[in-house]
Amino acid sequence: MEKQIAAKPMNLALDKERIRYLFANYGIIFVFALLCVVLSFASPYFLKEKNIVNVLRQTSINGLLSIGMTFVILTGGIDLSVGSILAFSAMVAASFSSATFSALGGHVYSPALAYSISLGAGLVLGLINGVFIAKWKVAPFVVTLGMLSMARGLTYIYNDGMPIPNIDPSFLPIGQGMFYAIPVPVLIFAVVFIIAWLILYRTRFGRYVYAVGGNEKSAKLSGVNTRLIFLCVYGICGLLAALGGLILTARTTAGLPQAGVNYELDAIAAVVIGGTSLNGGQGTLTGTLFGALIMGVINNGLDLLGVSSYFQQLIKGAIIVLAVLLDSFQKGGNKD
């Protein structure tokens with residue numbers, strides 16, 4: 001009898017541990033599924049094939065930004081400049097793809113040239129962030145906040161604040177094309193996700209990213225070139241922001257200087273909702289994938305329900321705060 005009484009508390013403790021384990025590892029999937037169920041009842045259009053494709057297409061750009069942001073946040077940093085880098089790269093791509101505009105003073109067009117120069121522009125801006133953070137130890141928040149302003153300024157200077165229209169049709173498939181029944185942006189996002197997953201979990205570089213975020217000093221003492229790691233992760237973030245800019249340019253058929261505003265907030269929200277710690281060293285790309293899907297479903301659901309853009313900003317801000325609060329609870333930050 002005494003053994004049975006003593007066994008009950010132990011079983012309860014095991015159940016709590018099991019629930020905590022399931023929530024920590026699969027909670028994001030449950031939240032995503034619950035959100036889809038709620039929205040399917042709230043709007044008859046949510047589960048329509050056309051709407052699902054639209055959600056996936058919209059999520060692909062934020063997903064690309066979120067993958068780059070995951071690398072950065074895993075090192076304990078943050079990148080506030082991805083939206084501005086996306087916009088600048090988009091304008092550069094548009095300038096080399098428009099029939100009426102060329103930065104070189106005459107029409108010079110080639111899809112490969114436009115893609116390469118645009119991606120190169122994003123990579124360079126990302127590496128500039130990395131140099132300041134890795135070499136001169138300037139706080140990532142300060143550096144990327146400055147880049148947010150500078151890249152946006154460059155975007156407006158590039159064409160005097162005017163959009164660049166008349167994109168060549170051969171440029172558009174990257175944003176509007178279909179590969180069988182799969183939108184090309186979704187396919188690009190899936191390929192980039194797989195490559196990023198392999199880099200993060202199957203290479204020494206990926207292990208070093210986690211090591212630097214977990215304890216930079218220990219990683220340095222263990223022989224890790226921490227400067228190179230910082231440089232690479234911010235370069236990756238800038239490169240993926242530029243890729244998002246290419247897709248957005250093709251979707252809108254124009255280079256828009258105001259593109260990408262607040263995109264950094266959605267990317268950070270997706271990463272944090274996905275369980276990556278803002279302190280670095282902990283998190284997964286799979287969590288980021290579902291975080292990006294949740295942000296995409298929320299944006300789509302709010303549009304379907306007719307919620308105004310002002311309230312949408314309020315709701316997304318609240319989601320970010322809740323996600324950070326949950327992160328704090330999980331790390332024991334609420335003990336006091």
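## A walk along α2, α7 and α13

Let's start at G76, which follows helix α2 and has a positive phi, near 90°. Helices here are DSSP runs of H or I at least four residues long, strands are runs of E of at least two, and both are numbered from the N terminus. Keep in mind that this is a predicted model, where local features need pLDDT of at least 70, side-chain atom pairs count only at pLDDT 80 or more, and totals for chains, interfaces and linings use all residues. Residues are numbered from 1 along each chain as its sequence is written, and side-chain values use heavy atoms, leaving out hydrogens and water.

Now step back into α2 itself, residues 49–74. Its 26 residues, at 1.5 Å a residue, should span 38 Å (1.5 Å times one less than the number of residues), and the end C-alpha atoms are 35 Å apart, which agrees. The helix does have a kink of about 30°, centred on S60; the bend at a residue is the angle between axes fitted to the seven residues ending there and the seven starting there. Of the 26 residues in α2, 19 are buried, so the rest of the structure largely encloses this helix. Buried means under 20% relative accessible area, exposed means over 50%, and partly exposed is in between, using a 1.4 Å probe and protein chains only.

What does the UniProt record add? An unreviewed entry lists "transmembrane region" for several stretches, including 59–78, 178–200, 228–248 and 310–329; such annotations may be inferred rather than shown by experiment. In the model, residues 228–248 are 100% helix and 0% strand, with end C-alpha atoms 30 Å apart. Residues 178–200 come out at 74% helix and 17% strand, and their ends lie 29 Å apart.

Around there you'll also find a nonpolar surface patch of about 600 Å², made by F179, Y180, I182, L187, V191 and I195. To join such a patch, residues need over 30% relative accessible area, no salt bridge, and nonpolar side chains within 5 Å. Helix α7 (residues 184–202) gives the largest share, three residues. I182 sits in strand β2 (residues 182–183) and, at 39% relative accessibility, counts as partly exposed.

Last stop: helix α13, residues 309–330, where you'll find Q312. Q312 is buried, at 10% relative accessible area, and its C-alpha is 9.0 Å from that of I298, 14 residues away in sequence. V321 is in α13 too, but counts as exposed at 56%. Its C-alpha is 9.7 Å from that of V272, 49 residues apart along the chain.

How values were computed: Patch = residues over 30% accessible without salt bridge, like charges linked within 9 Å, V, L, I, M, F, W, Y side chains within 5 Å. Areas by Shrake-Rupley, 256 points an atom, 1.4 Å probe, with all protein chains shown as cover. Salt bridge = Lys/Arg side-chain N within 4 Å of Asp/Glu carboxyl O.
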